[in-house]
Amino acid sequence: MLKRRFSSSTKKPTGEKRIRGNVGEGRKTVVCVESFSRPFLRWAGGKQKLASSLVELAPARYNRYFEPFFGGGAVYFALRPKRAVISDVNTELISCYQQVRAHPKLIASLVQRYARQDSPAFFYRMRETLSQRGSRIGRAAKFIYMNKAAFNGIYRVNMQGKFNVPYGPSQSGPAVPTRKVLVAAAKCLWRARIVSADFVKTTK
Ligand SMILES: C[S@@+](CC[C@H](N)C(=O)[O-])C[C@H]1O[C@@H](n2cnc3c(N)ncnc32)[C@H](O)[C@@H]1O
């Protein structure tokens with residue numbers, strides 16, 4: 001009979017958990033890499049630093065998890081509930097999550113391409129096209145790139161509904177999510193109904 005005894009685990013910033021363990025009679029050491037979900041957007045008021053403490057406060061058993069002010073979804077991605085309703089009034093944000101859930105690999109390759117082209121001029125060209133019609137997949141990829149390249153990851157629109165945050169990525173450039181991070185997030189998002197709505201509606 002195979003016995004598995006895990007001796008150590010290290011969280012990697014790439015969205016992977018590397019587990020070293022001894023398996024089988026001969027105690028062969030294996031390292032298996034398990035993807036875990038984490039937020040892939042910077043979001044004002046995001047709870048990423050508090051997420052693990054908040055998860056510890058969650059009841060051991062519950063039915064459906066509701067997160068009506070989803071934003072970056074820090075607690076959801078840490079908790080990974082089996083059934084959930086996640087919602088936000090920001091339709092562009094919610095559409096981004098719906099598209100990442102359906103097309104994580106394609107969106108990852110687009111955001112990586114945008115990050116390679118990153119410059120102030122590229123950012124402002126992209127910002128101009130963000131409010132134009134286009135494929136939902138393309139809009140989601142642009143939304144992620146803009147989120148990482150815009151000042152402090154702020155999302156703000158003007159009276160005409162146009163995104164108007166200036167360029168301001170972190171010093172090392174826009175830290176766009178990798179394919180593994182988006183694939184792990186997509187798997188986690190399949191557990192939820194993703195709704196664009198005011199909290200009053202989703203919590204009724
Ligand atoms: C502080 S952020 C949430 C941060 C999130 N908990 C996280 O960890 O990233 C607040 C969110 O609430 C959303 N929001 C604001 N007013 C809302 C409303 N009336 N109904 C639903 N969502 C709303 C905003 O679009 C924003 O994404």
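Hi everyone, this is a short walk through a sheet, two helices and a ligand site. Keep in mind that what we're looking at is a predicted model.

Let's start with the sheet. It's an open one with three strands, in the order β4-β5-β6, and the pairing is parallel. At the edges sit β4, residues 65-67, and β6, residues 192-196, and each of those pairs on one side only. On average, neighbouring strands here are turned by 15 degrees against each other, ignoring direction. If you look at β4 with β5, which is residues 84-88, you'll find a parallel pairing over three bridges. For a landmark there, find Glu 67: it stands opposite Ile 86 in β5.

Now for the helices. α3 lies across β5 and β6, and runs at about 150 degrees to β6. α3, residues 91-102, also meets α7, residues 179-189: their axes come within 8 Å and cross at roughly 105 degrees. An angle of 65 to 115 degrees counts as roughly perpendicular, so that's what α3 and α7 are to each other. Who makes the contact? From α3 we have Tyr 97, Val 100 and Arg 101, and from α7 Leu 182, Ala 185, Ala 186 and Leu 189. Sorted by class, that contact has six nonpolar residues, one charged and no polar ones.

Last stop, the ligand. Which residues come nearest to the ligand? Out of the 15 around it, they're Gly 45, Gly 46, Phe 69, Gly 71 and Gly 72. The shell as a whole splits into six nonpolar, six polar and three charged residues.

That's the tour, thanks for listening.

Key
Residues are numbered from 1 along each chain as its sequence is written. This is a predicted model: local features need pLDDT of at least 70, side-chain atom pairs count only at pLDDT 80 or more; totals for chains, interfaces and linings use all residues. Axes are lines fitted to C-alpha atoms, for helices over the stretch in contact, and angles run from 0 to 180 degrees between N-to-C directions. Helices (H or I, at least four residues) and strands (E, at least two) are DSSP runs, numbered from the N terminus. Angles under 35 degrees count as roughly parallel, over 145 as roughly antiparallel, 65 to 115 as roughly perpendicular and the rest as oblique. Two residues are in contact if their C-beta atoms, placed from the backbone, lie within 7 Å. Ala, Val, Leu, Ile, Met, Phe, Trp, Tyr, Cys and Pro count as nonpolar, Asp, Glu, Lys and Arg as charged, and the others, Gly among them, as polar. A residue is near a molecule or strand if its C-beta atom, placed from the backbone, lies within 6 Å of it. Two strands pair if DSSP finds at least two bridges between them.
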